[in-house]
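Student: Could you take me through one part of this model in detail? I would like to understand the surroundings of the ligand and the strands and helices that belong to that picture.

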Amino acid sequence: KAKIKTEILGQKIIYYKEIGSTNNEAKLQAAKGAREGTIVVSEQQGTGRGRLSRGWYSPAQKGIWFSLILRPGFLPQEAPKCTLMAAVAIAKAIFTITGIEVGIKWPNDILYNGKKLVGVLTEMNAEMDRINYIVIGMGINVNVSNKEMPEEIKDIATSLSEIKGETVSRIDLLTQVLAELENLYLLIKEQGFAPILKLWKQYSVTLGQDIKVIGVNETFYGKAVDIDDFGALLVDTGEKIERVLAGDVSIRKA
Ligand code: BT5
């Protein structure tokens, strides 16, 4: 706590040695009225979640598994912006602390050499046309060893310690992530989403690629051409521009 340099984010920290999912706990806390900036951190998650009820491997003391509660004044359909904001904040913080240059894969992955280093899971509670709360869950593989990873992710995942060949301080990285998140969040409040979008595009490894969009009901191919003001991915199929919203799709290189 001594190292925290932020004014809002992380001023209240709810810490667990072990929990099912920090996102679930943050949603409970938010529903009970936890204030903006509250974070839920756990050393380990038993049932860490990805999107579409996928799992998130969260071994004890090896990563940063945490969730941030925000209560932004924007519209429910703007919530995906939080995912992009978080990805940019984490990418910047990783560079500051480790010197590693990462890429962002739309909407919620941070990759290094095509392997997943970070996942972001944004969940929202809205009533009528107002956001009650947003929970941004972030999973960062800090000192996770590749050898110990479950078979299913061994070939697709990596960690900062695997890349650097040495352990990385989780507390230094977490405090830096909070600092970057706060900067970007205040920037959105002052200047809207445009500056974040610009930064996001600098890190993007998705734009310009031929991709396969795997939705719940349909799959299609196209070129990822842009991101719109709501954080949706615009995909040129050759016939038309499809607008793809986060949450319900996966994308792969075609
Ligand atoms: C995500 O989902 O990438 C969002 C992950 C969010 C995790 C954080 S941790 C704190 C907070 N509390 C939670 O319960 N969740 C959040 P998605 O794009 O659906 O990717 C999930 C897929 O990533 C899985 O199906 C695996 O293939 C892969 N995967 C699982 N664990 C991984 C890990 N530790 N590192 C890299 N890839 C992983």
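**The ligand shell and the strands**

Tutor: Tyrosine 16 stands opposite serine 42 in strand 2, and that pair is a convenient place to enter this predicted model. Strand 1, which covers residues 13-16, and strand 2, which covers residues 39-42, are paired in the parallel sense over four bridges. Together with helix 1, these two strands make a right-handed β-α-β unit.

Helix 1 (22-31) also leads to the ligand, since it is among the elements that each supply at least two residues of the shell, the others being strand 3 (63-70), strand 6 (115-127), strand 7 (130-141) and helix 3 (151-154). The ligand is surrounded by 30 residues, and the closest of these are Ser21, Gly50, Gly119, Gly137 and Gly139. Sorted by class, the shell holds 14 polar residues, 10 nonpolar ones and six charged ones.

A further part of the model to set beside this is an open sheet of five strands, arranged in the order 11-10-9-8-12 with antiparallel pairing. Its edges are strand 11 (241-244) and strand 12 (249-253), each of which pairs on one side only. Neighbouring strands of this sheet are turned against each other by 45° on average, with direction ignored. Strand 8, residues 210-215, runs antiparallel to strand 12 and is joined to it by five bridges, and here isoleucine 211 stands opposite lysine 253 of strand 12. In general, the strands of a sheet pair through backbone hydrogen bonds, in either the parallel or the antiparallel sense.

Conventions
Residues numbered from 1 in each chain as written. Predicted model: local features only at pLDDT ≥ 70, side-chain atom pairs only at ≥ 80, totals over all residues. Near = placed C-beta within 6 Å. Nonpolar A, V, L, I, M, F, W, Y, C, P; charged D, E, K, R; others polar. Pairing = 2+ DSSP bridges. Right-handed = clockwise from strand over helix to strand, strands pointing away. Axes fitted to C-alpha atoms, helices over the stretch in contact; angles between N-to-C directions.
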